[in-house]
Amino acid sequence: MKKTFFYRLILLILILCFKIGHSANSIRSSKKNSISYLNDTIFASSKKNKTASTDTILPVIVATGDQVYCPHTSMNIVTDITITDPNNISTDAIYIQISTGYNDSQDLLTLTGSHPTINSLWDLDTGRLTLTSSIPGQLVTYIDFIKAIKDVVYTNSSNKPTGNRTFSISTDKLSYLPSNQHYYEYVPSGDSPDIVISWSNANNLANARKYNGLQGYLVTILSEDENQLAATQQTKIGGGWIGGSDLIKEGVWNWMTGPEKGTQFFYNLQSTMTVGLYISNPRSTGSTPNYANWNRSSTNWYQGIPYYEPDNLGNNENYAIIIENNGTGIKGTWNDINGTGNSYKGSQQANGFIVEYGGMPGDPEIHIATSTSITIPQITSTTEAATCGSGSLTLQATSNLGTINWFENETGGDPITTGTSFTTPNISETTTYYIDTEYGFCEKYSTRTPVTATIYNVPVITTTNSIFTLCGPGSITLDAKTTEGTIYWYSEPTGGNLIAVGASISRDVAVNTTFYVEAVNNNCTTGARVPIEVVVYKLPIIPDEKLVICKSKKLIIDAKISEIGMTYLWSTGEQSQTIEISKAGIYTVDITRAAPESCTVRKTITVIENPAPIIETVSVEGTTVTINLKNPAIYYEFSIDGINYQSSNVFENSPAGLQTASVREINSCNYVAENFVVIIAPRFFTPNNDNYNDFWEVEGLTNYPDAIVTIFDRYGKLITELNASKPKWDGTYNNSLLPADDYWFVLNLGNGEPEIKGHFSLKR
C-alpha cells in the first residue's frame with residue numbers, strides 16, 4: 001500500500017508540472033492551427049473521461065526496446081515504456097500490433113506473468129494483441145497497463161524466421177504505422193456485407209472524418225508495409241476503397257487523395273496502330289515509379305481476364321479497391337472496379353473504405369502511439385557457383401547481423417571458415433556447404449542455410465550409329481545419345497546454323513548429307529562436334545503393271561529386273577524373278593538389292609480377267625452393219641468375216657447375204673458370234689437382155705422364205721409380187737414391157753420384222 005501511494009504521489013506531481021507548462025502552449029497551438037475538435041468523429045485514448053475540446057490533452061506514450069531476436073526464443077517487445085496523461089490515470093484498452101513484417105503463420109504476441117486486472121485477446125488476422133479490463137466496463141490504470149506491456153513477449157515458430165518486425169503500441173484501436181506515424185481504419189458501408197458504397201461517397205465520407213485533429217482521407221499506399229497494415233483493417237468479405245484512380249487518363253493511375261494527390265503510381269497504356277492513340281492493356285505487365293500491388297493471382301495472366309489487374313473490364317473500371325481473400329485473389333492485392341462499387345466478378349465489391357490519418361497540412365503532432373522493433377539475424381543473400389568437370393569454386397553470402405560461419409554439414413561440427421566468401425578445395429562432384437550467422441548467443445538457435453558448389457559433368461556423345469542409310473530421297477529420323485545434357489544439331493562442323501535440339505530429329509534428305517552434333521550440360525560442352533552421316537541410295541525405277549488373264553488359263557508374271565545378289569519375295573511367298581498364276585488378283589513382289597545397300601522396292605502387278613462379250617443386237621441398215629453389246633468395253637474387237645477384226649463395232653458396205661458377227665476380247669480370251677443377213681435392193685435395172693442388170697432382184701431374200709416384195713408404179717398400181725420362189729422381176733406386166741420409169745417396192749420379211757420401202761428406176 002505504501003509503495004502504491006508513493007507511485008501515485010509522484011504521478012500527481014508530474015501531471016501538475018505538465019499542466020502548468022502546457023496551458024500557454026495549448027492556447028498558442030489552437031490559434032496557430034485553427035483546429036476545432038468539436039467535429040471530430042473519433043477520439044483517442046479513454047473516451048469515457050475525455051471531451052472533444054481545444055483543452056483536450058492527449059496522452060503521450062513512449063517505448064524503448066529495439067532489440068535483436070534469436071530464433072526459438074521469446075522476447076519482451078519493450079525494455080521500458082511510459083504513458084503520460086495529465087488528465088487521467090486510467091484508460092479502457094491498450095492495442096499492441098505487429099505493424100511491419102507480420103507473418104500470421106509464425107508470429108505470436110502473448111501476455112505473460114500475473115495481471116489480474118487485465119485480459120488479453122490475440123487477433124491472428126490483424127496481428128494485434130488487445131489489453132482490456134478483466135472486469136467489463138471498468139477502466140484499468142496506466143500503471144497496470146505499463147506492467148502488462150512490459151510482460152508482452154514475441155515468439156516466432158519458424159526454424160529460420162526472416163525479415164524484421166515492428167510493434168506499435170497505442171492507446172487507441174486504430175492501427176499505427178511507425179514508419180510514417182500515420183493511423184488507419186476500415187469503415188464498413190453498413191451492417192450487411194452486401195451493402196456497397198460508391199467511390200465518390202467513400203471519398204467524401206473519408207474527407208469528413210477526423211482523428212484527434214488529424215484530417216482523414218482515402219488511404220494512399222506507398223510501401224509493402226503500409227499495404228499489409230491497410231489490408232489487415234478489413235474484417236468483411238469484399239473490398240475497401242483506396243485513393244487510386246485512372247479516371248483522368250485511362251491506364252495512368254494516380255493517387256487522388258491525401259498528401260500524395262496527383263502522384264502517379266502505375267502506368268498501363270499501350271499504343272495502337274493509330275498514331276497518338278493509346279489503350280489500357282490488361283495483358284501488359286505495366287510499369288510503376290512507386291509501389292503497386294495489383295491482383296495478379298492468375299497463372300495464365302497473359303489472358304488478361306479475370307485475375308490480372310487492372311483489366312478495365314467493361315471499359316469503365318476506373319477506381320481501385322484493396323480486396324479481402326475471397327477466392328478471387330490474394331488478400332491485400334488491388335483490383336479495379338467501376339465507381340459504383342459493384343464488381344463484374346460478383347465477389348469483389350466495395351463494402352467499405354480505408355481511411356488514413358496523417359501527413360496533411362495543418363495536422364497536429366500527436367503521440368498516442370509508439371513503437372519498438374526487432375531485428376532477426378539472418379542470411380540475406382547467397383551466391384552459389386558452378387563449373388564444368390572439377391575445380392575450386394568461390395561461394396558468397398551476406399547477412400544483416402553478425403559473423404557468417406561456413407560448415408561442411410547441415411548440423412554439428414566446427415566452422416571450416418568465417419566471412420562473406422569461401423573458396424572450396426578442388427572438388428569433382430557437386431557439394432553443398434552450410435552457413436549460419438553468429439550474433440551473440442543466437443548462433444546456437446540458427447538453422448543453417450545451404451550453399452551449393454555445383455560440378456556439372458562434361459557431356460560425352462555416346463552415339464553408336466554414326467552412319468544412317470536412306471533408300472531413295474525421303475524422311476529419316478536420326479538419333480544421338482549423350483551422357484549428360486542436351487544435344488544440339490548443326491549443319492556445319494563449326495559455326496553454321498543450329499537446326500534442331502533434342503535426342504532425335506527428322507529430316508527430308510535427297511542426297512548424301514552430314515550433320516554434326518554436340519551436347520551441352522549447363523554450358524559444359526563436348527567440344528568438337530561429332531559427324532553423323534546420311535547415305536542416300538538410288539532406287540531402280542520399277543513401274544507397276546496391269547495384265548489380263550484368260551479364264552481357265554495360266555499366266556507368267558515377271559519382276560522384270562535382274563541384278564547380281566538381288567532377291568525377290570512375292571506376295572504368294574515365292575522367291576523367283578517370275579511366277580506362274582492361274583487367277584486374277586493383285587500380286588506384289590519386293591525386290592531387294594544386295595548389301596550394303598539392302599534397299600527394297602515393291603512392284604505391283606494387277607491381273608484382271610475381262611468378261612466375255614454379250615451381243616445384244618446386230619443392226620443392219622442397208623449395207624451398214626452395227627454390232628451392239630450388252631457390256632461394251634474398250635477391250636473388245638469386232639469382225640463380220642471372222643478374219644479381220646477392228647475396234648469399231650460399225651461396218652460399212654457390207655456384202656449381201658447371210659453373214660456372221662464375231663466379237664472377242666483383245667487378248668483372245670473370250671469369243672461370241674451371231675448370224676445376220678444383209679438385204680440389198682438394186683437402185684435400177686436395165687432389162688435389155690445384155691446379161692447385165694436384166695432383172696431387179698433383192699439380194700439375200702432367199703434367206704427369208706416368208707418374205708414378200710410388192711412392186712407398184714408411180715400411180716400405186718400393183719405390178720407384181722416377188723418371194724423366195726420368184727425372186728426376180730423382168731420389167732414386164734402381163735408379158736408386156738413396161739416403160740422406163742421409177743417404181744416403188746414394199747419388202748415384208750415376215751415374223752414381225754418391219755417393212756422396208758423404197759424405189760428404183762427401170763431404164764431401157
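**Three disulfides, a pocket and a buried arginine**

With -70° about the S-S bond, the disulfide between Cys550 and Cys669 has a left-handed twist. The two sulfur atoms of Cys550 and Cys669 sit 1.6 Å apart. Before going further, please keep in mind that this is a predicted model. Along the chain, 119 residues separate the two partners, so to speak two distant parts of the chain that the pair links. Cys550 lies in the loop between β42 (545-548) and β43 (555-558), while Cys669 lies in the loop between β52 (657-665) and β53. Are these two cysteines buried or exposed? Cys550 counts as buried because its relative accessible area is 11%, under the 20% limit used here. Cys669 is buried as well, with a relative accessibility of 17%.

You can now look for the other disulfides, for the count comes to 3. In general terms, such a link is a covalent bond between the sulfur atoms of two cysteines. One of the pairs is Cys388 with Cys524, whose sulfur atoms are 1.8 Å apart. This link is left-handed too, with -95° about the S-S bond. It ties together distant parts of the chain, since Cys388 is in strand β27 (residues 385-388) and Cys524 is in strand β40 (residues 524-525), 136 residues apart. The two ends of this bond have their own surroundings: Cys388 is partly exposed at 34% relative accessible area, whereas Cys524 is buried at 1%.

Next, turn to Cys471 and Cys599, which form a disulfide with 2.0 Å between their sulfur atoms. About the S-S bond the angle is -90°, and the link is left-handed. Here a strand is joined to a loop: Cys471 belongs to strand β34 (residues 467-471), and Cys599 to the loop between β46 (585-592) and β47 (600-608). These distant parts of the chain are 128 residues apart. Cys471 has a relative accessibility of 33% and therefore counts as partly exposed, while Cys599, at 3%, is buried.

Let us move from bonds to empty space. Rolling a probe the size of a water molecule over the atoms shows where such space is left. The largest pocket has a volume of about 700 Å³. Which residues are the closest to its centre? They are Val620, Glu621, Gly622, Ile679 and Ile756, out of 24 residues that line this pocket. Four strands, β48 (615-621), β53 (671-678), β61 (741-748) and β62 (756-762), each give two or more residues to the lining. The largest share, 4 residues, comes from β53. You have met β53 already, as one of the strands that flank the loop holding Cys669. By character, the lining of the largest pocket divides into 14 nonpolar, 4 polar and 6 charged residues.

Finally, find Arg165 in strand β12 (residues 165-170). Is this arginine buried or exposed? Arg165 is buried, because its relative accessible area is 3%, again under 20%. Its side chain has polar partners there: a polar contact of 2.8 Å joins the side chains of Arg165 and Asp107. A polar atom of the Arg165 side chain also lies 3.2 Å from the backbone oxygen of Gly101. So this buried residue has a side-chain partner in Asp107 and a backbone partner in Gly101.

How values were computed: Residues are numbered from 1 along each chain as its sequence is written. This is a predicted model: local features need pLDDT of at least 70, side-chain atom pairs count only at pLDDT 80 or more; totals for chains, interfaces and linings use all residues. Side-chain values use heavy atoms; hydrogens and water are left out. Buried means under 20% relative accessible area, exposed over 50%, partly exposed in between (1.4 Å probe, protein chains only). A polar contact is a pair of N or O atoms within 3.5 Å; within protein, one must be able to donate a hydrogen and the other to accept it, and residues adjacent in sequence count only if both atoms are side-chain atoms. On a 1 Å grid over the protein atoms alone, a cavity is a set of points where a 1.4 Å probe fits but cannot get out, and a pocket is an open set with protein on both sides within 12 Å along at least five of seven lines; lining residues have an atom within 4 Å of a point. Grid points are joined across faces, edges and corners, and a volume is the space filled by probe spheres set on the points. Ala, Val, Leu, Ile, Met, Phe, Trp, Tyr, Cys and Pro count as nonpolar, Asp, Glu, Lys and Arg as charged, and the others, Gly among them, as polar. A disulfide is a pair of cysteine sulfur atoms within 2.5 Å.
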